[in-house]
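This report describes one protein chain, beginning with an enclosed space and ending with the chain as a whole. Please look over the sequence and the structure before reading on.

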Amino acid sequence: MLKRCGRRLLLALAGALLACLLVLTADPPPPPVPAERGRRALRSLAGPSGAATAPGLEAAAAGAPGAPVREVRSLSEYFSLLTRSRRDAGPPPGGASRPADGRPRPPAEPLAPSDVFIAVKTTKKFHRARLDLLLETWISRHEEMTFIFTDGEDEALARRTGHVVNTNCSAAHSRQALSCKMAVEYDRFIESGRKWFCHVDDDNYVNVRALLRLLGSYPHTQDVYLGKPSLDRPIQATERVSENTVRPVHFWFATGGAGFCISRGLALKMSPWASGGHFMSTAERIRLPDDCTIGYIVEALLGVPLVRCGLFHSHLENLQQVPASELHEQVTLSYGMFENKRNAVHIKGPFSVEADPSRFRSVHCHLYPDTPWCPRTAIF
Ligand code: UDP
Ligand code: MN
């Protein structure tokens with residue numbers, strides 16, 4: 001009886017295996033659908049000085065929209081793709097173990113707002129269109145932490161806050177201009193003596209309470225690079241090592257549009273490649289945008305792995321998927337366009353989508369209901 005059952009089971013298993021193989025051979029599932037991620041970094045290269053022909057992006061572009069989707073021709077190729085996407089989600093190349101999730105852990109050290117330096121990158125044409133909204137919302141609560149890096153004089157802005165840094169960088173959206181701003185942000189942070197450096201764009205909402213909780217769970221003297229990658233695999237770049245020599249390099253980087261943070265301990269180690277004029281020359285070495293250059297210095301040159309944190313959000317992801325009930329835990333939010341549609345977090349009132357398209361005012365009233373301009377009867 002037992003023998004017959006065993007034989008039947010064996011036959012059934014063999015049949016199932018054969019069926020699986022047939023299905024896979026006849027119709028191999030497509031490789032992972034190219035995500036929206038990566039567009040930002042790739043688009044940043046399209047300017048006149050960051051020609052789209054920049055070397056080294058080919059492999060990364062294979063996972064980006066608009067790039068040709070590779071056909072999977074054989075079963076072994078399909079399995080190797082699966083293995084690769086598993087590897088991408090796992091430890092980084094080089095074997096260093098990758099911290100899996102940057103959710104706040106038990107507190108490591110109490111942090112005061114004045115321990116953190118938040119650099120907001122902007123440009124003169126966005127002072128009214130974007131920055132005023134931030135000044136009315138999250139920055140109004142945290143002026144001592146926030147420094148605005150821009151490229152043009154603005155008396156109205158200077159009257160509102162003393163923390164404006166005119167970088168004198170070009171106002172172009174070129175790779176060089178953006179790296180120029182990041183270089184000034186880095187130098188100002190080092191001068192400030194603060195424990196943490198965080199960089200955000202002018203379309204980010206920063207939930208400072210959540211940020212302090214997160215940063216307070218890591219010692220600032222250790223090497224910590226926190227943020228969210230925008231690609232689903234390490235970026236493949238070409239590193240210029242001498243006049244005539246280049247070599248491939250791959251590393252993860254936190255997308256600048258979601259914001260990222262770096263501990264003082266790590267920032268000090270970055271100095272040979274980031275301080276003074278060095279950030280610009282390092283960026284030239286890989287010919288990639290500012291946020292990629294940070295990843296290159298931290299991961300590729302210093303061997304410190306990015307701590308991925310799902311609490312940072314850029315408009316390169318579907319922001320509607322951030323649960324309204326968990327808004328108070330999120331460290332950054334954003335708004336903009338995603339797959340040609342308006343992209344913002346989903347939150348009910350107190351302001352309509354027409355009155356508050358970014359949803360930042362509604363989020364702010366949710367987090368700080370005592371704000372004078374928030375309706376008293378706010379319903380969320
Ligand atoms: N930016 C800039 N100079 C420019 C255009 C943009 O410094 O000429 C800044 C902008 O203020 C923002 C960041 O670069 O902080 C990203 O710009 P944007 O959100 O327009 O582009 P994306 O998120 O699509 O990269
Ligand atoms: Mn943006």
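In this predicted model, two strands, β4 (196-201) and β9 (260-263), each contribute at least two residues to the lining of the second largest cavity. The largest contribution to that lining is from β4, which gives 3 residues.

The space inside the second largest cavity is about 30 Å³. The structure contains 2 cavities of 30 Å³ or more.

Which residues line the second largest cavity? They are Ile118, Cys198, His199, Val200, Val206, Leu211, Phe260, Cys261, Phe312, Val331 and Thr332. By class, the lining has 9 nonpolar residues and 2 polar ones, with no charged residue. His199 and Thr332, both in the lining, count as polar because they belong to neither the nonpolar nor the charged group.

The table gives the lining by class.

| Class of lining residue, second largest cavity | Number of residues |
|---|---|
| Nonpolar | 9 residues |
| Polar | 2 residues |
| Charged | no residues |

The rest of the report concerns the whole chain. It is built with 13 helices and 13 strands. Of its 380 residues, 49% are buried, where buried means under 20% relative accessible area. The exposed area of the chain is about 18,200 Å², and 58% of this comes from carbon and sulfur atoms.

How many of the contacts between residues at least 6 apart in sequence join residues at least 24 apart? The share is 70%.

Methods:
Residues are numbered from 1 along each chain as its sequence is written. Chains are lettered from A and ligands numbered from 1 in the order in which they are written. This is a predicted model: local features need pLDDT of at least 70, side-chain atom pairs count only at pLDDT 80 or more; totals for chains, interfaces and linings use all residues. Side-chain values use heavy atoms; hydrogens and water are left out. Helices (H or I, at least four residues) and strands (E, at least two) are DSSP runs, numbered from the N terminus. Buried means under 20% relative accessible area, exposed over 50%, partly exposed in between (1.4 Å probe, protein chains only). Contact means heavy atoms within 4.5 Å. Accessible areas come from the Shrake-Rupley method with a 1.4 Å probe; for residues, only the protein chains shown count as cover. On a 1 Å grid over the protein atoms alone, a cavity is a set of points where a 1.4 Å probe fits but cannot get out, and a pocket is an open set with protein on both sides within 12 Å along at least five of seven lines; lining residues have an atom within 4 Å of a point. Grid points are joined across faces, edges and corners, and a volume is the space filled by probe spheres set on the points.
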